[in-house]
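Trainee: Please take one strand of this protein and go through it closely. I would like its surroundings, its partners and its place in the whole chain.

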Amino acid sequence: MLLPDRCSVKEKGKDCVNPPEFVISVLEENDEYMVGVTCLKHKDRVSEKLQILQNEAKIPKGKIKFTELKSVGTACVKSSPDDLIQL
Ligand SMILES: [Zn+2]
């Protein structure tokens, strides 16, 4: 699984340069949809932002899950985290 090497958050037009610490995914039934990665600093705000995106139907509804990067296995995860998360 290929993961970005930086936090996916873009804040005030600037990309966050912190290394990612958590993989953000949304659990839907039996599927897991990867949204991006985040550093610890942005974790809480990303969580809030994702709920807004869910309400706007921009990402799948479901439980938002943060997985520590070091514990991410090779499980099949649907992903295309190309878009940065604009806060
Ligand atoms: Zn960040």
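Mentor: Take strand E3 in this predicted model. Five of its seven residues are buried, so E3 is largely enclosed by the rest of the structure. Across the protein chain, buried residues make up 21% of the 87 residues.

Now the partners. E3 pairs with E4, and the two run antiparallel, joined by seven bridges. In this pairing, Val 26 stands opposite Tyr 33 of E4. E3 and E4 form a hairpin, with two residues between them. Glu 29 sits in that turn and has a positive phi of about 45°. E3 also pairs with strand E5, residues 63-68. That pairing is antiparallel too and runs over six bridges. Here Ser 25 stands opposite Lys 65 in E5.

Next, the core. The largest nonpolar core has 11 residues. Phe 22, Val 23, Ile 24 and Val 26 are among them, as are Val 35 and Val 37. Cys 7, Val 9, Val 46, Ile 59 and Ile 85 also belong to this core. Two strands give two or more residues to it: E3 (22-28) and E4 (31-38). E3 provides the largest share, four residues.

Look at Ile 24 in particular. Set aside its neighbours within four places in sequence. Ile 24 is then in contact with Val 35, Gly 36, Val 37 and Thr 38, and also with Val 46, Ile 64 and Phe 66.

Now step back to the chain. The protein chain has one helix and seven strands. From the N terminus, the order is β-β-β-β-α-β-β-β. Of the contacts with a separation of 6 or more, 60% are between residues 24 or more positions apart.

The helix, H1, covers residues 43-55. H1 has 13 residues and reaches 19 Å from its first C-alpha to its last, close to the 18 Å expected. After H1 comes Ala 57, whose phi is positive, near 60°.

Last, confidence. The mean pLDDT of the protein chain is 84, and 82% of its residues reach 70 or more. Among the elements, H1 has the highest mean pLDDT, 95. Strand E6, residues 78-79, has the lowest, 52. Where pLDDT is low, the predicted coordinates should not be read in detail.

Notes:
Residues are numbered from 1 along each chain as its sequence is written. This is a predicted model: local features need pLDDT of at least 70, side-chain atom pairs count only at pLDDT 80 or more; totals for chains, interfaces and linings use all residues. pLDDT is the predictor's confidence in each residue, from 0 to 100. A nonpolar core is a set of buried Ala, Val, Leu, Ile, Met, Phe, Trp, Tyr and Cys residues joined through C-beta atoms within 7 Å. A residue is buried if 20 or more other C-beta atoms lie within 10 Å of its own, exposed if 12 or fewer, and partly exposed in between; C-beta atoms are placed from the backbone. Two residues are in contact if their C-beta atoms, placed from the backbone, lie within 7 Å. The expected span of a helix is 1.5 Å times one less than its number of residues. Two strands pair if DSSP finds at least two bridges between them.
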